[in-house]
Amino acid sequence: MASNKPATPTVAAQQADLRSRLPFSDTQDFEDARRGLIAPAGGPVHAEDGRVVWDNTSYDFLQGECPDTVNPSLWRQSQLVATAGLFEVVPGLYQVRGMDLSNISFVEGDSGVIVIDPLISAETAAAALALYREHRGDRPVTGVIYTHSHVDHFGGVRGVVSQEDVDAGTVPVLAPEGFVEHAVSENVFAGTAMGRRAGYMYGAALERGVHGGVGAGLGQTTSTGTVTLIAPTVEITTTGQEEVVDGVRIVFQMAPDTEAPSEMLFYFPDLKALCAAEDATHNLHNLLTLRGAVVRDPNGWAKYLTETVDLFGDDLEVVFASHHWPTWGRDRAVAFLQIQRDLYAYLHDQTLRMTNKGLVGAEIAEQITLPPVLENAWSARGYYGSVSHNVKAIYQRYMGWFDGNPAHLWEHPPVEKARRYVDAIGGTDAVVAKATKAFDAGDFRWAAELANHAVFADPDHAGARTVLADTYEQLGYGSENGTWRDFFLSGATELRDGQFGTPTQTASPDMVANLTPDMLFDALAVQVDGPRAWDEVVALDVVLTDTGERYRLRLANGVLTYSARPQRGDADATLTTTRRALPAIAGGGLDADGLKAAGIELTGDATALARLTAVLDPGDPDFAIVTP
């Protein structure tokens, strides 16, 4: 591993300036983060094969003073988020925090405990449940609630409950409408690309320490255990819907297309406790996550938080969420929700105001300034979503990728553009010299621009890679946003030490098993290597005996299409199976014996399926990011 560099005087001065401007004397968050501690979290969590999938003790260095290599505001947030253990929110409501990127919550019912958002991995969820049971008794799980469709809120479900208990009807699983579709599609359709970029975003491959990973703002990082999924048995569809689980009353509020396409908040009237899911946490959230996603709706997000206050604000006594620590007391809780609401509304409205003045996203991001109340509210700081990239996301949501400048309509791709810039400047050595000069002057944004062109034009040039890595490192040191820091330092790491791939895999067998036939066929379609399939024509019928469904798949002109309507003519072959067994074809490469073992009967042209799978081109979980 290449050695890290110290912070430059430019970065050190920036850190000192931030210390003088922000209200570091306000320690209320530290009191709240420690409130109700019953027991600290234990040591590392291991997988069955002995791998460490989570180790919050790797962040013990955060107990010290903030060095110049870490933004002091991010250091403060990381200290708070790394506070780990079992906490009592109110009697009957408990959280384990600091055992994954997200929190897991436990609500005690008449005969057992309801689990809210069982983390990313089965291993961490099981460890959190064990910690709860150690101090609250060996209560059976009597219900599971998924607040929304992101993997850190359901991936560990098999660590707290079995499929058999759910199938038997003894453990209901509640989720918002559209949950399975969005949970599965996000992790399968573009899952390879998102997963690779998520490795950068969460710094999962970074060494923990003052020169490396300190936390992602929303949580420390992602666990790397087994991602699982059990489909919901109870769908929440309307605001005001009330359910009783193990004697516990729950009133739901739908909030689709906010932090997730499928999301809900809910209130426990008897506890006077509101679960804000991920729509109100102690930071500015992402409107477009750096790993990639559909741009979220800040206007709707703000309106839902207004509705939350209107629905529950008169009675609530505590707000807790799937990340960070709770906020107690009606007045403080409502003020917290209103600050969060105003934050998203302000960014939305001001971005559109300036868009209509002719500014583009990058310009708006430089000009926008938050009101003093929001600027100085710790819960509105950009630890996870930044003002800069959220403003650009809002612009993208309304205006798209094109900024209207004809020069940007048909630009060269990165490598060709880099070669031309390098040639215009006088060659790689000249570009590196100018990048080094910019670095020495503390103009790291310009140094990164120049050195990036040098690396893309000449990726083996040692000087170009060195100055770009050093520049990314300084940009990381200065970043208040945890995911920006992780991105910059991950880029520096790969330039120095080589690519680290995708540390966390989310397209797990459970994900694939929950694909509907339509989603499975769509997932196959995006893998078709078009040019290789230009001359291939295949017609496959798929018959599902348990549901009576029948599909015709057609590969032609490099495109895989399908229809559930009766088709003319005969297919080349027919696959006869069940809905549950069908996803076995997703992996491809199944011969006749393999198909039979998977519960799939193939009749007709035995080569038809093989001809289809032969043109599939799976994604590359190790694709280049900071090099061509």
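User: Why is Tyr132 called buried?

Analyst: This is a predicted model. Tyr132 has a relative accessible area of 0%. Buried means under 20%, so Tyr132 counts as buried.

User: What makes the pair of Phe106 and Tyr132 stacked?

Analyst: The ring centres are 4.6 Å apart and the planes stand at 15 degrees. Pairing needs centres within 6.5 Å, and stacking needs planes under 30 degrees apart. Both values pass, so the pair is stacked. Phe106 sits in strand E6 (residues 104-108) and Tyr132 in helix H4 (residues 122-136), 26 residues apart. Phe106 is buried as well, at 0% relative accessible area.

User: Why is the pair of Phe24 and Trp378 called edge-to-face?

Analyst: The planes are 65 degrees apart, with 5.1 Å from centre to centre. Edge-to-face requires over 60 degrees, and the centres must lie within 6.5 Å. The pair meets both conditions, so the label holds.

User: What does the pair of Phe24 and Trp378 tie together?

Analyst: Phe24 lies in the loop between helix H1 (9-21) and helix H2 (28-34). Trp378 lies in the loop between helix H11 (372-375) and helix H12 (387-399). The pair therefore ties together parts that are 354 residues apart in sequence.

User: Why does Phe24 count as partly exposed, and is Trp378 buried or exposed?

Analyst: Phe24 has 29% relative accessibility. Buried stops under 20% and exposed starts over 50%, with partly exposed in between. Phe24 falls in between, so Phe24 is partly exposed. Trp378 has 6%, which is under the 20% limit, so Trp378 is buried.

User: How many aromatic pairs are there, and which residues do ring pairs link into a cluster?

Analyst: The count comes to 22 aromatic pairs. Ring pairs link Phe252, Phe266, Phe268 and Phe320 into a cluster.

User: How do you know that Ile600 is buried?

Analyst: Ile600 has a relative accessible area of 5%. The cut-off is under 20%, so Ile600 is buried. Ile600 is placed in the loop between helix H20 (592-597) and strand E21 (601-604). Leaving aside residues up to four places away in sequence, Ile600 touches residues including Leu575, Ala581, Ile585 and Leu595.

User: What makes the chain as compact as a globular protein of its length?

Analyst: The secondary structure comes to 21 helices and 21 strands. The radius of gyration is 26 Å, and the globule rule gives 25 Å for 628 residues. The two values are close, so the chain is as compact as a globular protein of that length. Of the 628 residues, 54% count as buried.

Methods
Residues are numbered from 1 along each chain as its sequence is written. This is a predicted model: local features need pLDDT of at least 70, side-chain atom pairs count only at pLDDT 80 or more; totals for chains, interfaces and linings use all residues. Side-chain values use heavy atoms; hydrogens and water are left out. Helices (H or I, at least four residues) and strands (E, at least two) are DSSP runs, numbered from the N terminus. The radius of gyration is taken over C-alpha atoms; the globule rule is 2.2 Å times the number of residues to the power 0.38. Buried means under 20% relative accessible area, exposed over 50%, partly exposed in between (1.4 Å probe, protein chains only). Contact means heavy atoms within 4.5 Å. Rings of Phe, Tyr and Trp (its six-membered ring) pair if their centres lie within 6.5 Å; planes under 30 degrees apart count as stacked, over 60 as edge-to-face and the rest as tilted.
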